[in-house]
Amino acid sequence: MANREHLAQLHMGCDRWNTWRIESPDIQPDLSVTTLTAIDLRGYDLSHVNFIGTNLQAANLQQVDLSGANLRGTNLRQAHLQSADLSGVQLHRSSLSEANLRGANLVDADCTGANFHNAELLEAYLFRSNLSQANLHEAYLNGAYLFRANLSEACCMEAHFRCANLRQTNCYKTNFDRAILRGARLEGAHLQDAKFERASI
């Protein structure tokens, strides 16, 4: 459960929150297992915050620093994450269905088993991100950077990449081992040294 003091700081506004973060560098904010639906958190420093199991559906997180945050099992359905910094985040089994992650930074993000159904990942930066078992059914990945991303074992859940739009994506050395790619659009994708062992194409 969320720490009540930390939650109170959040609701005092962006400036108060960011000042508290600067003055309390040793505190890792705990906002886990709480409801923050449709909240506007633009400008907040949310790096390394514990959001495990929190409901952030439709939250406005555009350009927010979420680097190193723990978002395991978090509901981010329909969240606005355009150009957000999600580098090194934990998104294991999180729901990002219909979320807008256009231009988001997901370098080294752990997205194992995350649900990106119908999400916008246009021009997202997914360098070395772990998308193993992730659901990208009908996701939009035009222009995404997937260099060295791990998309292996995607067939563990039905139709992960079926009809995904991967046009113009950089998939250099991307691991598609056992991924379901039937119907995926790959026109213009950079697939040099990509691994397709046991992939369903």
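This passage walks through a helix pair, a few single residues and a group of aromatic rings in a predicted model.

Helix α2 is a good place to start. The helix spans residues 14–23, and its buried residues are W17, N18, W20 and R21. These four sit on the same side of α2, because the arc they cover around the axis is only 155 degrees. Turn to the other side of α2 and the picture flips: D15, I22 and E23 are exposed there. So the helix has a buried side, with W17, N18, W20 and R21, and another side where D15, I22 and E23 are exposed.

What sits over the buried side? Part of the cover for the buried residues of α2 comes from α1, residues 4–11. Two packed helices are described by the angle between their axes and the distance between the axes. Here, the axes of α1 and α2 come within 6 Å and cross at roughly 135 degrees. The two helices are therefore oblique to each other, since an angle has to be over 145 degrees to count as roughly antiparallel. On the α1 side, the contact is made by E5, H6, Q9 and L10, and these meet R16, W17 and W20 of α2. Sorted by class, that contact has 3 nonpolar, 2 polar and 2 charged residues. W17 and W20 thus turn up twice, as buried residues of α2 and as part of the contact with α1.

Past α2, a few single residues are worth a look. S47 lies in the segment after α2 and is buried, with a relative accessible area of 10%. Setting aside its neighbours within four places in sequence, S47 is in contact with R21, D65, L66 and S67. One of these partners, R21, is itself among the buried residues of α2, and that contact links S47 back to the helix.

Two other residues catch the eye through their backbone. Q78 is not a glycine, yet has a positive phi of about 60 degrees. Q78 lies in the segment after α2 and counts as partly exposed, at 30% relative accessibility. R148 likewise has a positive phi of about 60 degrees without being a glycine. R148 also lies in the segment after α2, and its relative accessibility of 43% makes it partly exposed.

Then there are the aromatics. A pair of aromatic rings is described by the distance of the centres and the angle of the planes. The structure holds 7 aromatic pairs. One of them joins F127 and Y145, whose rings are 6.4 Å apart centre to centre with 55 degrees between the planes, a tilted pair. Both residues lie in the segment after α2, 18 residues apart, and the pair links distant parts of the chain. F127 counts as buried at 15% relative accessibility, whereas Y145 is partly exposed, with a relative accessible area of 24%.

F127 has another ring partner in F147: the centres are 5.3 Å apart and the planes lie at 25 degrees, so this pair is stacked. The F127–F147 pair ties together parts that are 20 residues apart in sequence, with both residues in the segment after α2. F147 is buried, with a relative accessible area of 15%. Taken together, ring pairs link Y125, F127, Y145 and F147 into a cluster.

How values were computed
Residues numbered from 1 in each chain as written. Predicted model: local features only at pLDDT ≥ 70, side-chain atom pairs only at ≥ 80, totals over all residues. Heavy atoms only, no water. Buried < 20%, exposed > 50% of the residue type's maximum accessible area, 1.4 Å probe, protein only. Arc of directions from axis to C-beta. Contact = heavy atoms within 4.5 Å. Axes fitted to C-alpha atoms, helices over the stretch in contact; angles between N-to-C directions. Parallel < 35°, antiparallel > 145°, perpendicular 65-115°, else oblique. Nonpolar A, V, L, I, M, F, W, Y, C, P; charged D, E, K, R; others polar. Phe/Tyr/Trp six-rings, centres within 6.5 Å; stacked < 30°, edge-to-face > 60°.
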